[in-house]
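This report examines how the parts of one protein chain pack together. Please look at the sequence and the structure below before reading on.

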Amino acid sequence: SCPRPRVRRGRAAMLKVFTRVLCSASRLGSRAALPPQQLLLLRQAGGNPGVRGLARSMWLLCSSGLRRGPLNPGRPLDSVPCGCGALHTEGDQAFAEFLGDEIKEEKKIQKSTSLPKVSGGWEIRLNGTEAKLERKVEGERITVSFNINNSIPPTMEEAPQEGQKDAENEPEVISTPNFVVEVTKLSNKQSLVFDCHYPEDEVGHGEEDESDIFAIREVSFQPTGEDDWKETSYTLNTDSLDWALYDHLMDYLTDRGIDNTFADDLVELSTALEHQEYIKFLENLNSFIKC
């Protein structure tokens, strides 16, 4: 609100009106039209140099705070003192407390701090959210790579049934990343590349179900040892592929250890790695918010 000047009692009522009128004028802007009665008061005030100077000062005081913008940065924030020199508010403090509780809960449900092994003699190499599995079989090198980012499919939350707890109704978080299989013959300069994924309707199958839980999306040849694949290389899309050819491609992967057992192990590894990175992200976020 605008400051009220200390004046004699005879002018107090008139200046009180001036204050309201001028504050309203500053909010409306220079183009806003004022009612005739308020304009008349302004004209009458203009004849008295003392009141006119006071009115100008009051207008500047009223408009100076509004010219800062809608967020009004001049308003003091509910900051919390900290030695790092950065801005910290009460909202940040509440956010940090929430993150601390969230980290504790996630560590409670974490199965293990170490990542599970993949059966079949696969060597694992990690680079942040990227993982690469590799093994050699009789003159061939098989490499499987995947990234856990965006690997958790969306879940449709259902309302809990009567007498059922919310925790029991929560679906298990499972990471099902797309993965790429590269088969490289040590005597060849090309790699046969399979772009694979987990179909949504095949995730969480029963043990008695013998159908494949992963599928091949595309197949192509790529130069060996190059990270960037050539867009000019022909890519075989399996959507309209003959089933007999598709079955032979799946059998080719199975003979090299890429089967349902491997796909299950990959899901377990990816889920553990995703959860590990999620906890690490929460800890980094908590440290960032605190200071």
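## Two helices in contact

In this predicted model, residues D92, F95, A96, L99, G100, E102, I103, E106, K107 and I109 of helix α4 meet H275, Y278, I279, L282, E283, L285, N286, I289 and K290 of helix α7. Sorted by character, the residues of this contact divide into 10 nonpolar, three polar and six charged.

Two packed helices are described by the angle between their axes and the distance between the axes. Helix α4 covers residues 90-109 and helix α7 covers residues 260-290; their axes come within 9 Å and cross at roughly 160°. Because angles over 145 degrees count as roughly antiparallel, α4 is described as roughly antiparallel to α7. The crossing of α4 and α7 is left-handed.

## The overall fold

The secondary structure of the protein comprises seven helices and seven strands. Along the sequence these elements follow the pattern α-α-α-α-β-β-β-α-β-β-β-β-α-α.

Of the 291 residues in the protein, 30% count as buried. Contacts also link parts of the chain that are separated in sequence: among contacts between residues at least 6 apart, 58% join residues at least 24 apart.

## The nonpolar cores

Which residues have the most contacts inside the largest nonpolar core? They are F179, V181, F194, F214, I216 and I258, in a core of 32 residues. At least two residues of this core come from each of the strands β2 (130-137), β3 (140-147), β4 (179-185), β5 (190-197) and β6 (215-223), and likewise from each of the helices α6 (243-254) and α7. Helix α7 gives the most to this core, with six residues.

I258 illustrates these contacts. Leaving out residues up to four places away in sequence, I258 touches W122, I142, V144, F179, V181, F214 and L253. Apart from the largest core lies another, of five residues, with L99, I103, L282 and I289 among them. These four residues also appear in the contact of α4 with α7.

## A buried leucine in helix α6

L249 is found in helix α6. Is L249 buried or exposed? L249 has a relative accessible area of 14%, so it counts as buried.

Residues up to four places away in sequence aside, L249 touches F194, I216, V219 and L241. One of these, I216, lies 33 residues from L249 along the chain, and the C-alpha atoms of the two are separated by 8.4 Å.

## Two residues of strand β2

E134 is found in strand β2. With a relative accessibility of 18%, E134 counts as buried, since the cut-off for a buried residue is under 20%. E134 touches G121, W122, E123, R125, R141, I142 and T143, not counting residues up to four places away in sequence. From C-alpha to C-alpha, E134 and I124 are 6.8 Å apart in space, and they are 10 residues apart in sequence.

R135 is found in strand β2 as well. When neighbours within four places in sequence are left aside, R135 is in contact with G120, G121, W122, E140, R141, I142, R256 and G257. The C-alpha atoms of R135 and G120 are separated by 8.4 Å, with their positions 15 residues apart along the chain.

## Exposed residues in loops

Where is E138 placed? E138 lies in the loop between β2 and β3. Its relative accessibility is 81%, and E138 therefore counts as exposed. E138 has a positive phi of about 45°, although it is not a glycine.

N150 also has a positive phi, near 55°, and is a residue other than glycine. The place of N150 is in the loop between β3 and α5 (166-169). At 83% relative accessibility, N150 counts as exposed.

G85 is in the loop between α3 (49-66) and α4. Its relative accessibility of 70% means that G85 counts as exposed, because a residue is called exposed over 50%. G85 and C291 are 206 residues apart along the chain, yet their C-alpha atoms are separated by 8.5 Å.

Terms used: Residues numbered from 1 in each chain as written. Predicted model: local features only at pLDDT ≥ 70, side-chain atom pairs only at ≥ 80, totals over all residues. Heavy atoms only, no water. Axes fitted to C-alpha atoms, helices over the stretch in contact; angles between N-to-C directions. Parallel < 35°, antiparallel > 145°, perpendicular 65-115°, else oblique. Left-handed = near helix turned anticlockwise from the far one by under 90°. Contact = heavy atoms within 4.5 Å. Nonpolar A, V, L, I, M, F, W, Y, C, P; charged D, E, K, R; others polar. Core = buried A, V, L, I, M, F, W, Y, C linked by side-chain atoms within 4.5 Å. Buried < 20%, exposed > 50% of the residue type's maximum accessible area, 1.4 Å probe, protein only.
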